[in-house]
Amino acid sequence: MNDAIQEPILAVRGLTKRYKNGPVALAGVDLDIRRGEIFALLGPNGAGKTTLIGAVCGLVRPSEGSITAFGQDLAKDWRAARAKIGLVPQEMATDMFTSVIDTVSFSRGLFGLAPDPAKLEAVLRSLSLWDKRASQIRHLSGGMKRRVLIAKALAHEPELLFLDEPTAGVDVELRRDMWRQIAALRDAGTTIILTTHYIEEAEEMADRVGVIDKGQLLLVEEKRALMARMGSVTADITLARPLAALPPSLSGKPVELADEGRKLVFTGDGGTDAARAGIAALIRTLVESGIAFTAIDQKQSSLEDIFVGLVENA
């Protein structure tokens with residue numbers, strides 16, 4: 001379906017949260033979430049990420065603004081919409097002496113759904129928890145405990161899933177395993193909103209990215225388009241013979257000499273596509289000017305570089 005005419009699964013308008021005698025946690029946030037996407041919400045600690053999730057999930061009462069999910073106004077029909085929303089919080093909030101299967105079964109029952117052993121088995125198998133179904137949660141590793149939180153959130157078959165720092169505290173191998181599982185959830189039709197301080201997590205999985213700071217949403221953009229527009233490329237070009245100074249043919253180009261004239265350092269901006277075109281033009285100029293080189297080392301900026309720049313300049 002065309003995104004231009006598809007109704008968003010979640011629409012936030014003018015969302016504001018002021019705490020008494022405290023800072024403004026959210027300041028007029030507008031946000032649409034598309035059905036079937038993975039949306040990454042990035043921001044430093046205290047930026048408003050968890051407050052935004054809490055407002056949608058009914059844990060925080062907004063001061064102003066509206067939230068519409070599945071075409072329903074959450075202020076008027078919160079219960080019906082909430083039944084379609086799953087939340088994986090940052091912290092474990094479950095009985096550590098309860099078995100995995102009992103914990104997940106209880107979560108399903110909280111939403112008034114009939115028992116469905118086959119459905120719960122499928123959820124646990126998808127998260128590699130089926131073999132641990134009879135284990136008490138206290139006996140599980142940190143990574144498995146995080147998976148139990150996801151299983152609890154999926155027990156009532158939500159269409160929209162919030163993941164608040166889903167891989168916090170797990171090692172790199174488990175983190176990448178959970179990335180694959182989260183991608184599989186999206187492929188199965190679940191819309192996912194995740195907050196993360198691992199920028200590589202957003203770079204790996206997200207379709208779109210939002211950056212929030214001091215309660216304000218600084219931008220929302222397709223990840224690839226954002227990196228193409230705001231990214232940069234640098235190139236270190238090792239010369240066959242040192243140059244004492246830049247020749248006239250390189251005048252005006254974004255290059256400088258380094259390493260006692262043995263290297264040319266190119267710094268491109270205006271987006272990665274423009275930067276790559278600049279490198280190509282520079283190479284042509286070097287060849288036409290008879291300036292020999294032996295190696296080119298290119299480096300493209302990451303989503304983290306863009307994020308840091310946005311927050312620092314906000």
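Reader: Okay, diving in. Which residue stands opposite Phe 162 in strand 8?
Author: In this predicted model, Phe 162 has Ile 193 of strand 8 across from it.

Reader: How many bridges hold those two strands together, and which way do they run?
Author: Strand 7 and strand 8 (residues 191-195) run parallel, and 5 bridges join them.

Reader: And strand 6, how is that one linked to strand 7?
Author: Strand 6 (residues 85-88) also runs parallel to strand 7, with 4 bridges between the two. One pair to look at is Gly 86, whose bridge partner in strand 7 is Leu 161.

Reader: So is strand 7 buried or exposed?
Author: Strand 7 (residues 160-164) is largely enclosed by the rest of the structure, because 5 of its 5 residues are buried.

Reader: Which residues sit on which side?
Author: Leu 160, Phe 162 and Asp 164 are on one side, Leu 161 and Leu 163 on the other, and both faces are covered. That fits the usual pattern: side chains in a regular strand alternate between the two faces of the sheet.

Reader: Switching topics. What's the strand order in the open sheet of 4 strands?
Author: The order is 12-13-11-14, and the pairing is antiparallel. Strand 12 (255-258) and strand 14 (293-300) are the edges, each pairing on one side only.

Reader: How many degrees are neighbouring strands turned against each other there?
Author: On average 20 degrees, direction ignored.

Reader: Back to the strand 12 edge. How many bridges does strand 12 share with strand 13?
Author: Strand 12 pairs with strand 13 (residues 263-268) over 4 bridges, in the antiparallel sense. For a concrete pair, take Glu 256, which has Val 265 in strand 13 as its bridge partner.

Conventions. Residues numbered from 1 in each chain as written. Predicted model: local features only at pLDDT ≥ 70, side-chain atom pairs only at ≥ 80, totals over all residues. Heavy atoms only, no water. Pairing = 2+ DSSP bridges. Axes fitted to C-alpha atoms, helices over the stretch in contact; angles between N-to-C directions. Buried < 20%, exposed > 50% of the residue type's maximum accessible area, 1.4 Å probe, protein only.
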